[in-house]
Amino acid sequence: MSDFVHPLDQHRVLARLQWTEGSEGSSPPTEFRAYTCTGRQVVLAMTSNHVHIDGRGGVLAAFLDMTERVAMEVRLQETDQNFQRIMNTMQDVFYRTDAQGITRYVCPAVKNVLGYSAEEIMGRPAADFYPDQCEREALVAAVRGNGFVHDFPGRMKRKDGRIIDISISTNALRDEQGQYAGVEGIWRDITQRKEMERELERLATRDDLTGLANRRHILDALERAFKRREGRHDAMPLCALIMDLDHFKRINDKYGHVAGDAVLRGVARIVEALNRAGDQIGRLGGEEFLLLLEGADLAAAGEAAERIRSAVQAASIEVAPGLQVSQTLSIGISCWMHADGQSTDMLERADRALYRAKAQGRNMVCNG
């Protein structure tokens with residue numbers, strides 16, 4: 001026997017055989033390492049029984065080659081260890097849910113992202129961690145429809161109540177019958193990236209001083225509105241109002257540019273407060289603003305302009321602690337015409353109307 005049984009397992013095998021010789025029952029299975037005639041190491045499972053042959057006692061043993069199964073178990077154990085090591089070190093969050101949306105697994109990284117431990121999340125519906133149920137439903141619908149999603153945008157709610165932006169890449173899971181069985185994938189916190197994108201967008205489209213649309217953005221808005229009306233005789237009216245602060249240079253000369261900036265911000269807030277939903281306002285530069293009124297004809301635009309002019313004239317704008325100044329506006333109006341070849345035609349008419357208002361004494365509204 002010593003030629004076949006691994007040296008470290010011989011004592012155990014011999015003890016088992018000796019036990020069997022003195023027993024009438026079957027011994028429970030045991031596994032041990034052994035060698036084949038060619039020297040290859042295998043793993044065997046052995047059961048043994050005490051037997052009587054011609055009046056003499058003996059042992060009848062049966063062996064089953066377990067080498068492949070043991071090798072598979074080792075591989076599975078290594079795979080599981082590797083999986084756990086990856087899950088414990090990754091920064092993104094790996095997760096798995098069943099067909100009912102219940103979280104069945106989530107990696108430890110979720111603690112750093114959502115503030116919940118993995119144990120607090122597993123067994124709960126994934127929808128519990130979305131600020132809006134519709135966002136979760138949109139994700140599931142996309143996965144069911146395509147079988148997967150990549151870099152799908154979404155939001156999740158942290159344990160402290162803060163909402164974060166996430167990006168999800170996931171695949172649908174299928175059972176043996178090919179039926180939907182849940183999802184498995186990775187999501188990551190992209191809040192910082194989104195904030196940076198929003199800030200870059202703000203810088204690209206907003207005026208730093210007033211927070212209104214900048215010159216490029218408001219002129220692009222006018223161009224888009226103009227394009228929507230080209231060639232259409234049933235188009236809704238569109239009016240443009242160019243507003244310019246009267247004698248603004250005096251503010252800068254008397255109180256300084258900081259006070260002038262405060263006046264520009266104050267006027268911007270007044271105009272914004274009087275806007276209808278859908279109106280767009282931007283700063284063209286200096287002390288000049290452009291207001292776009294979609295769906296407003298010349299009469300409605302005139303009424304809106306007069307409300308703005310009156311509100312600015314009536315306001316006292318604080319430019320320093322204890323120091324308030326008054327300000328007036330001159331406004332020129334133009335409306336879209338079928339004969340206009342380009343959006344600048346509207347601007348030119350509004351600009352000419354503005355200068356008529358200036359020439360006629362300022363603090364008034366003129367139509368172009």
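**Exercise 1. The N-terminal sheet**

S2 and strand S3 (residues 56–65) pair in the antiparallel sense over 10 bridges. The model is predicted. Work out which strands form the open sheet around this pair, and in what order.

*Solution.*
Step 1. Start with the other partner of S2. Strand S1 (residues 30–35) runs antiparallel to strand S2 (residues 41–53), and 6 bridges join them.
Step 2. Put the pairs together. The open sheet has 3 strands in the order S1-S2-S3, with antiparallel pairing.
Step 3. Find the edges. S1 and S3 each pair on one side only, as edge strands.
Step 4. Add the turn between neighbours. Direction ignored, neighbouring strands of this sheet are turned by 45° against each other on average.
Step 5. Place the helix. Helix H1 (residues 10–21) lies across S1, S2 and S3 and runs at about 20° to S2.

**Exercise 2. Register and turns**

Find the bridge partners of Tyr35, Ala45 and Asn49. Then say which residue takes a positive phi in the hairpin of S1 and S2, and which does so in the hairpin of S2 and S3.

*Solution.*
Step 1. Take Tyr35. Its bridge partner in S2 is Gln41.
Step 2. Move on to S3. Ala45 has Leu64 as its bridge partner there, and Asn49 has Leu60.
Step 3. Look at the hairpin of S1 and S2. It has 5 residues between the strands, and Gly39 takes a positive phi near 90°.
Step 4. Look at the hairpin of S2 and S3. It has 2 residues between the strands, and Asp54 takes a positive phi near 55°.

**Exercise 3. The five-stranded sheet**

Give the strand order of the sheet that holds S9 and S14, and name the helix that packs on the sheet.

*Solution.*
Step 1. Write the order. The 5 strands run S10-S11-S9-S14-S15 in an open sheet with mixed pairing.
Step 2. Mark the edges. Strand S10 (280–285) and strand S15 (365–367) are the edge strands, each pairing on one side only.
Step 3. Add the twist. From one strand to the next, the twist averages 20°.
Step 4. Check one pair. Strand S9 (residues 238–245) and strand S14 (residues 329–335) are antiparallel and share 7 bridges. Leu241 has Ile333 as its bridge partner in S14.
Step 5. Place the helix. H9 packs on the sheet and touches S9, S10, strand S11 (288–294) and S14. The direction of H9 makes about 150° with that of S9.

**Exercise 4. H8 against H9**

Which angle do H8 and H9 make where they pack, and which residues meet?

*Solution.*
Step 1. Read the geometry. Helix H8 (residues 248–255) and helix H9 (residues 257–274) pack at about 140°, and their axes are 7 Å apart.
Step 2. Classify the angle. An angle counts as roughly antiparallel only over 145 degrees. H8 is therefore oblique to H9.
Step 3. List the contacts. From H8 come Phe248, Ile251, Asn252 and Tyr255. They meet His257, Ala259, Gly260, Val263 and Leu264 in H9.
Step 4. Sort them by class. The contact has 6 nonpolar, 3 polar and no charged residues.

**Exercise 5. The largest pocket**

State the volume of the largest pocket, then name the residues that line the largest pocket.

*Solution.*
Step 1. Take the volume. It is about 150 Å³.
Step 2. Name the lining. It consists of Asp246, His247, Arg250, Ile251, Lys254, Tyr255, Ser326, Gln327 and Thr328.
Step 3. Sort the lining. It divides into 2 nonpolar, 4 polar and 3 charged residues.
Step 4. Link back to the helix contact. Ile251 and Tyr255 line the largest pocket, and both are in the part of H8 that meets H9.

**Exercise 6. The cavities**

How many cavities of 30 Å³ or more does a search of the whole structure find? Describe the lining of the largest cavity and of the second largest cavity.

*Solution.*
Step 1. Count. The search finds 2.
Step 2. Take the largest cavity. It holds about 130 Å³ of space. Of its 13 lining residues, Tyr95, Thr103, Ala126, Met156 and Trp187 are the closest to its centre.
Step 3. Trace the elements. Strand S4 (93–98), strand S5 (103–106) and helix H3 (110–114) give two or more residues to this lining.
Step 4. Sort by class. The lining of the largest cavity has 10 nonpolar, 2 polar and 1 charged residues.
Step 5. Turn to the second largest cavity. Its volume is about 60 Å³. Leu274, Asn275, Arg276, Asp279, Leu291, Leu293, Ala304, Arg307 and Ile308 line it.
Step 6. Trace its elements. S11 and helix H10 (298–314) each supply at least two lining residues. H10 gives the largest share, 3 residues.
Step 7. Sort again. The lining of the second largest cavity has 5 nonpolar, 1 polar and 3 charged residues.

How values were computed:
Residues are numbered from 1 along each chain as its sequence is written. This is a predicted model: local features need pLDDT of at least 70, side-chain atom pairs count only at pLDDT 80 or more; totals for chains, interfaces and linings use all residues. Side-chain values use heavy atoms; hydrogens and water are left out. Axes are lines fitted to C-alpha atoms, for helices over the stretch in contact, and angles run from 0 to 180 degrees between N-to-C directions. Helices (H or I, at least four residues) and strands (E, at least two) are DSSP runs, numbered from the N terminus. Angles under 35 degrees count as roughly parallel, over 145 as roughly antiparallel, 65 to 115 as roughly perpendicular and the rest as oblique. Contact means heavy atoms within 4.5 Å. Ala, Val, Leu, Ile, Met, Phe, Trp, Tyr, Cys and Pro count as nonpolar, Asp, Glu, Lys and Arg as charged, and the others, Gly among them, as polar. Two strands pair if DSSP finds at least two bridges between them. On a 1 Å grid over the protein atoms alone, a cavity is a set of points where a 1.4 Å probe fits but cannot get out, and a pocket is an open set with protein on both sides within 12 Å along at least five of seven lines; lining residues have an atom within 4 Å of a point. Grid points are joined across faces, edges and corners, and a volume is the space filled by probe spheres set on the points.
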